[in-house]
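Me: Hi! I've got a structure open and would love to talk it through with you. Mind if I throw some quick questions your way?

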Amino acid sequence: MQRPPMPEDYSLKETSPHLGDGRVRSSGWGGGERSTSTYDLVEQMKYLYVRVEKAKDLPAKDITGSLDPYVEVKMGNYKGTTKHFEKKTNPEWKQVFAFSKDRIQSSFVEVTVKDKDIVKDDFVGHVVFDLNEVPTRVPPDSPLAPQWYRLEDRKGEKVRGEIMLAVWMGTQADEAFPEAWHSDAATVHSEGVTSIRSKVYLSPKLWYVRVNVIEAQDLQPSDKGRYPEVTCKVQLGNQMLKTRPSATRTTSPLWNEDLVFVAAEAFEEHLVLSVEDRSAPNKDEVMGKCTIPLSTVPKRLDYKTVNSKWYNLEKPSLADTEPKKKEIKFASRIHLRICLDGGYHVLDESTHYSSDLRPTAKQLWKPSIGILEVGILSAHNLLPMKTKDGRGTTDAYCVAKYGSKWIRTRTIIDSFSPRWNEQYTWEVYDPCTVITVGVFDNCHLHGHGGGGNGDKGGGGGPSVKDAKIGKVRIRLSTLETDKIYTHQYPLLVLHHNGVKKMGELQLAVRFTCSSLVNMMAIYTMPLLPRMHYMYPLSVGQLESLRYQAMNIVAMRLSRAEPPLRKEVVEYMIDVDSHMWSMRRSKANFFRIMGVLSGFIAVTRWFGEICYWKNPVTTVLVHILYLILVWYPELILPTVFLYMFLIGIWHYRWRPRHPPHMDTRLSHAEAVHPDELDEEFDTFPTSKGSDIVRMRYDRLRSVAGRIQTVVGDLATQGERFQALLSWRDPRATTIFITFCLLAAIILYVTPFRVMAVISGFYMLRHPRFRYKLPSVPLNFFRRLPARTDSLL
């Protein structure tokens, strides 16, 4: 009889890496001591560095009396080469080579100058270094100065020519590390080297563009015998919005309608407005156009009204013919109020996992409240993502996103247990934010297949996509300050055949607070900037604008060099998180049931009290009930004191680990194949006839909205649970302190006085009300929910 397969281990694992060369200790659950090293959250990796600067007085080798020099740096089985120069005896290379000490198989490093030739490259001269004599450099010491070395022939005798070099032992903290040629990537063609190096990217600065279309004057329809049915179409890049038709059919229509777009600095696209007449069903005739550069549009930081302006409209037929344009006078114009709204935060990622909540305008930013440091250590047990030479292989790299800063680690070639040991730092402005770290397989290296199962040459065409291995999300508010969390996170991805563990990612995370008072004050402030509450955008607008913002960010980062590819950006910012899924709906439903389970348990307990299942408990409840009836002023103090005691009692079971992907919470382990087929179906669906497709898509769209509502309800309930669960230790501290103070104040203050004050406050005049959310509501919205753990 065959044994059933062992269940996959999806849990978080504690680790004890050797951080900072032993200068930093991390306990099993994340405690640690601070070190002064800048690379104290990673394991130290030692490298031999060879900096090749330049050469002079090199002898000619060709018959023609010329020299095409290049340098070969060789150590054991590894060798790297610089580019060669045509006919140059004094070349400058300025290139660094790095050899991992773990892979050094020789006690010498040889630097050889060669002459590039069609048949066989000629030997010019070399310099040999004994590794025992190589100095060690420890940052922040200054870089080692390169020196001139006289070239030698193979017998060790001096020959003509000198080369300037610097050779030293260092670590990945060295400034030369990011741009160095690495021996572990020796198989990568020179064209693919740039795509494997570590890089830092910045998201473009996004603005909301508000176009208030007020009115137009003196329009000239082609058919003079009818009054036009006029709309105004506004286009910005691939974004296009239309006003409603003017309420009255006239040549001077009135709209007074707001249209909102997303734009990124530097403003490359222009606003293009066209006034159109519905001359026939499904036929619009352009009556006039105008183009407005965004660089001329004023910026506003608050809700003050900007000045409106009249713009001349040009007839499309005259726009291309300059001479005719001078002859014919065209007096149509349009009245607009346009501004760049800097008081909003442009949402460009899933709202549940936002890493930044600041407004666009830098003048409105609050000071930072801390520093987030992340050491990306290694991955383990990665699965083969493609085949090369008939065997499975993986070329893994990590991408981390927090705020506008994206980082990409170097690619580790052909390894299922890559070690990056790279450390990065972010400024933190709000602790109620999330950092996302993803792992991907690089499918764009020269000579590697394009992520398929066949052996294909080339560097991967534009249709080739980097494969996703998994990602990790960490909410900063769930981390205690000044503690180092060292864990291995499971990398989970949902495939057509179910959830799959792709490996494990080892991280070291530390959140350092610069001002505890400022951070506690953040909990009382609105989650989003003031403009979102003073002049809120509709839910439909926000969703549409978020989609456009995601596209802009993905497009801009994919144009960087090396590109951060579109599929990578979309996976990191959860571009499809709003799509309908039966699995997600089930998960949200059971989240609600989990929240209501406490209320149901209290109801059952009360039923047992009524039926005298435990006489002693029932008698105690009767006594407590009599006390509260005779002394009603004790009701509220007792409730708050009870919650204070529950919070203190739950402190023993507070979460000791950062949250991670939970397959059971996500209902990913036992999902039905048909539900997975629906989740991975295209949108619009490709199944069935046109009528079925239309109905099915409509059903999925409606269900997606219901799913969001259900998820939001679950989120609110989980935030109530988070008040006393210590998931956010600072929020729970604030709340139980408030409960203790409330219990004392309510005890010494007559109940009737508190009732009158509370009632009059609730019934206060609108003049004394403020549009911004109250402090308790701001605090509640900042509490963590279990959305962080959903796949």
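Me: Which residues make the nonpolar surface patch of about 1200 Å²?

Reply: Happy to help, and one thing up front: this is a predicted model. The patch is made by Trp612, Val616, Val619, Leu620, Ile623, Tyr625, Leu626, Ile627, Val629, Trp630 and Tyr631.

Me: Let's pick one of those. Where is Ile627 found, and is Ile627 buried or partly exposed?

Reply: Ile627 is found in helix α8, which covers residues 615-630. Its relative accessibility is 37%, so Ile627 counts as partly exposed.

Me: OK, zooming out. How many helices and strands does the protein chain have?

Reply: There are 14 helices and 30 strands in the protein chain. The chain has 791 residues, and 46% of them count as buried. It exposes about 41000 Å², with 57% of that supplied by carbon and sulfur atoms.

Me: And what share of the contacts comes from residues 24 or more positions apart?

Reply: Taking the contacts with a separation of 6 or more, residues 24 or more positions apart account for 72%.

Me: On to the strands. In what order do the 5 strands of the open sheet come?

Reply: The order is β1-β29-β30-β21-β26, with antiparallel pairing. β1 (13-14) and β26 (419-428) stand at the edges; each has a single partner strand, so one side of each is left without a neighbour in the sheet.

Me: What holds strands together in a sheet, in general?

Reply: Backbone hydrogen bonds: strands pair through them, either parallel or antiparallel.

Me: How many bridges join β21 to β26?

Reply: 8 bridges, with the two strands running antiparallel. One bridge pair to look up is Leu372, whose partner in β26 is Trp426.

Me: While we're in β26, what is phi of Asn421 near?

Reply: Phi of Asn421 is near 50°, a positive value in a residue other than glycine. Asn421 is found in strand β26, and it is buried, because its relative accessible area is 0%.

Me: What sign does phi have in most residues other than glycine?

Reply: Negative for most of them, and most peptide bonds are trans. Asp482 also has a positive phi, near 60°. Asp482 is placed in the loop between β28 (467-475) and β29 (484-495), and with a relative accessible area of 40% it is partly exposed.

Me: Speaking of peptide bonds, which residues does the cis bond with omega of about -10° join?

Reply: That cis bond joins Glu265 and Ala266. Ala266 lies in the loop between β15 (254-264) and β16 (270-280). A cis peptide bond also joins Glu561 and Pro562, with omega of about 0°. Pro562 is in the loop between α5 (539-558) and α6 (566-572).

Me: New topic, aromatics. How many aromatic pairs does the structure hold?

Reply: It holds 18 aromatic pairs. Tyr651 and Trp726 form an edge-to-face pair, with 4.8 Å centre to centre and 75° between the planes.

Me: Why does that pair tie together parts that are 75 residues apart in sequence?

Reply: Because Tyr651 lies in the loop between α9 and α10 (673-679), while Trp726 lies in the loop between α11 (690-725) and α12 (729-748). Tyr651 counts as partly exposed at 37% relative accessibility, whereas Trp726 counts as buried at 9%.

Me: What about His650, what is it in contact with beyond its neighbours within four places in sequence?

Reply: His650 is in contact with Leu724 and Trp726. His650 and Ser725 are 75 residues apart in sequence, and their C-alpha atoms are 6.3 Å apart in space. His650 is found in helix α9 (residues 635-650) and is partly exposed, with a relative accessible area of 33%.

Me: Which residues do ring pairs link into a cluster?

Reply: Tyr47, Tyr49, Trp168 and Phe177 are linked into a cluster by ring pairs.

Me: Last one! Where does Ser354 lie, and is Ser354 buried or exposed?

Reply: Ser354 lies in the loop between β20 (333-341) and β21 (370-380). At 8% relative accessibility, Ser354 counts as buried. Apart from its neighbours within four places in sequence, Ser354 is in contact with Glu349, Thr433 and Val434.

Notes: Residues numbered from 1 in each chain as written. Predicted model: local features only at pLDDT ≥ 70, side-chain atom pairs only at ≥ 80, totals over all residues. Heavy atoms only, no water. Patch = residues over 30% accessible without salt bridge, like charges linked within 9 Å, V, L, I, M, F, W, Y side chains within 5 Å. Areas by Shrake-Rupley, 256 points an atom, 1.4 Å probe, with all protein chains shown as cover. Salt bridge = Lys/Arg side-chain N within 4 Å of Asp/Glu carboxyl O. Helix = DSSP H or I, 4+ residues; strand = E, 2+ residues; numbered from the N terminus. Buried < 20%, exposed > 50% of the residue type's maximum accessible area, 1.4 Å probe, protein only. Contact = heavy atoms within 4.5 Å. Pairing = 2+ DSSP bridges. Phe/Tyr/Trp six-rings, centres within 6.5 Å; stacked < 30°, edge-to-face > 60°.
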